[in-house]
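Trainee: Please take me through one part of this model closely, and then connect it with the rest of the chain. I would like the cut-offs stated as you go.

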Amino acid sequence: MRHWRWRLALGLTAAWLAGGAAGQALEGVLMPGKVIAGHAKLEQDCAKCHVKFNKAAQDGLCLDCHKETAADVRAKQGYHGRLKIESCKSCHTDHKGPDVNIAAFDPKAFEHAKTDFALLGAHPRVECKACHLVGKKYRQAPGGCNDCHRKDDKHKAALGVLCADCHTQASWKDARFDHAKTRFALVGKHVPTACKDCHANNVFKGAPTTCVGCHRKDDKQHHGKLGDKCEACHNATDWKDVGAFRHDRETKYPLRGRHATTKCEACHTVAAPVVAKTATTCIGCHEKDDKHRATLGTACADCHTERNWKEAKYDHDLSAFKLRGKHKDVECKDCHRDPKSYKGTPQTCIGCHRKDDTHKDRYGDKCASCHTDRTWKDIVFRHERDTKYALTGKHATTKCDACHTGHVYRDKLGTDCFACHRKDDKHKDQLGRRCEDCHETADWKKTLRFDHNRSKFPLLGRHARVLCKDCHATPAYKDAKTECIACHAKDDKHKRMLGIDCAACHNARDWKLWDFDHRKTRFALDGAHLRAACVTCHKAPADKVPPLPVACIECHRNEDVHDGEFGPLCQRCHTARSWKDVAMPASRAARPPREVREPAGVRP
């Protein structure tokens, strides 16, 4: 009888480990109770909610189905996102029957502060059903003021839906508005002014925010001639307090000389809204005073001053073209060819020196980049200072035309090595285009030391002393293989019986130094296995056959004198020290001596 129970337990255990229909049947027997109605369709598939030998993984399966809750947990929001619990089953325990509600809770004891909407002010006194409607999920309750208080909005949505800007949660009627948070802060006499004086008919949106919007009737002196920016002169403390306006500070035209004593109406003669177009140039007001009749242009200030129109003295340094170097010795007529008008005189070098351009316009018209006004032949261009590409090595002695074969400004040159040295790249673009990592500008053929440790194959052990050409047959370096077997096939004494991952046993210090730790595999060696040669088990190339089995019976089937009667778990009786070294279970050790001596294969 004891032997029968033992075989039954052994068979059930093997069936459970094997999984499949037999395993599911066993799980059904061990199930602690019926699941809830919501999980009924998953009752026969335990793997939907449970992971064998891993209780912690159950929460992940719960969240795979309850996606809204999973989203809250990931975002750390909502009730579940703020909970500090060990697992889902801390609150929701299944297998209590189809009629049990495992999500039940006490509304009176519920901590609403852990949700996205903490109850403040008068909200704690509101009944749950007022916000959480029947048939709706709790998470679907509205969260905006206007969602619940739309009927209380006396403004008819004219002020938007941000009710909390004025109202508080203590009482809807307790309203207090901070005008400073709007685009129009109340200062001066605006503070005691009644709201209705600006917001007629209780309409707040669209109220004027400009001075002239309310004070147009007070503009009795200017009649709109000075525009609608009343605040430029007036202030909110007293409308009659004028004098805050400073022309030199508030405008782009400071008043100097005689302009400071001129009346405003003398220049501002046109009524708004064209006030902003009041002339700011001399000729705009003094056209009638121009005795030159525009022959010298309209830049009157080049010769005249604001102190006195008749006081004239021309300083060329005040013009857009200051005279420097040899330009100071040139007569005016040499540049100003038209004696009646100086307007239109060229100010660029090329305008006068085109005949001196030996580059034939290939270097553009920015002559001052290289030439100076001291002497045309004095070249001051410095490549490292005036460009983003400093010339080093052989680049410093290379002629400009060797690189700048086209127009300097229209034909932009690349600053990377590859732009000019594509033809010199023996690596066929395999090593990228940062040539400077290996080459230097002093000599293209002189290669800097390459740091192999920055590549995908750092050189370790004896690899560091190997010549590059031994692995890289051509300059196309990336064609070189990185697998050990690619170079060491002749050194593989195992004929691939142990696979091609040579590094598992051998190392880069010396091919003959090897050390394989079988404990890191699925089958740790102990007992007599430690003395067995590798080829005893590995009889075929490892890269051409599936992984070796680890069950005892797979190798010791011919030694099983029980003919499979005691199952495949040989290790229950036999040990790895010796197949004949039998450590019988207690149930077998208790048998009478006569039964032990019975021939193998005979059932007791």
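A close look at one loop residue

Mentor: Once its neighbours within four places in sequence are set aside, Phe-177 is in contact with Asp-165, Cys-166 and Thr-182, where contact means heavy atoms within 4.5 Å. This is a predicted model, in which local features need pLDDT of at least 70 and side-chain atom pairs count only at pLDDT 80 or more, whereas totals for chains, interfaces and linings use all residues. Residues are numbered from 1 along each chain as its sequence is written, and side-chain values use heavy atoms, with hydrogens and water left out.

Phe-177 has its place in the loop between α7 and α8 (195-198); helices here are DSSP runs of H or I with at least four residues, strands are runs of E with at least two, and both are numbered from the N terminus. With Cys-166, one of its contacts, the C-alpha separation is 4.8 Å although the two residues are 11 apart along the chain. At 47% relative accessibility, Phe-177 counts as partly exposed, a class that falls between buried (under 20% relative accessible area) and exposed (over 50%), with a 1.4 Å probe and protein chains only.

Helix α7 (residues 145-149), from which this loop leads on to α8, contains Asn-146. Unlike a partly exposed residue, Asn-146 is buried, its relative accessible area being 10%. Beyond four places in sequence, Asn-146 is in contact with Asp-153, Val-161 and Cys-163.

Aromatic side chains elsewhere can be set beside Phe-177. A search of the whole structure finds three aromatic pairs, a pair being rings of Phe, Tyr and Trp (its six-membered ring) whose centres lie within 6.5 Å, counted as stacked if the planes are under 30 degrees apart, edge-to-face if over 60 and tilted otherwise. The rings of Tyr-79 and Phe-110 have centres 4.7 Å apart and planes at 45°, so this pair is tilted. It links distant parts of the chain, with Tyr-79 in helix α5 and Phe-110 31 residues away in the loop between α5 and α6 (128-131). Another tilted pair is formed by Phe-105 and Phe-110, at 5.3 Å centre to centre and 50° between the planes. Tyr-79, Phe-105 and Phe-110 join Tyr-138 in one aromatic cluster. Within this cluster, Tyr-79 counts as partly exposed at 28% relative accessibility, Phe-110 as partly exposed at 25%, and Phe-105 as partly exposed with a relative accessible area of 39%.

Helix α5 (78-82), which holds Tyr-79, also takes part in the packing of α4, whose buried residues pack against α3 (58-65) as well as α5. In α4 (residues 67-75) the buried residues are Thr-69, Ala-70 and Asp-72. They lie on the same side of α4, because they cover an arc of only 160° around the axis, the arc being that of the directions from the helix axis to the C-beta atoms. Lys-67 and Arg-74 are exposed on the other side of α4, and just after this helix Lys-76 takes a positive phi of about 55°. In α3, Gln-58, Asp-59 and Leu-61 are the buried residues. They too cover an arc of only 160° around the axis, which puts them on the same side of α3.

Further along the chain, Arg-522 lies in the loop between α19 (484-488) and α20 (534-537), and it is exposed, with a relative accessible area of 61%. Beyond four places in sequence, Arg-522 nonetheless is in contact with Pro-547, Leu-548 and Val-550. The C-alpha atoms of Arg-522 and Pro-547, 25 residues apart along the chain, are separated by 9.9 Å.

For the protein as a whole, the secondary structure comes to 23 helices and two strands, and 13% of the 604 residues count as buried. As for confidence, the mean pLDDT is 79 and 88% of the residues reach 70 or more, pLDDT being the predictor's confidence in each residue, from 0 to 100. Among the elements, α4 has the highest mean pLDDT (90) and helix α23 (residues 593-596) the lowest (36). Over residues 589-604 pLDDT stays under 50, and for this stretch the model has 10 contacts beyond four places in sequence.
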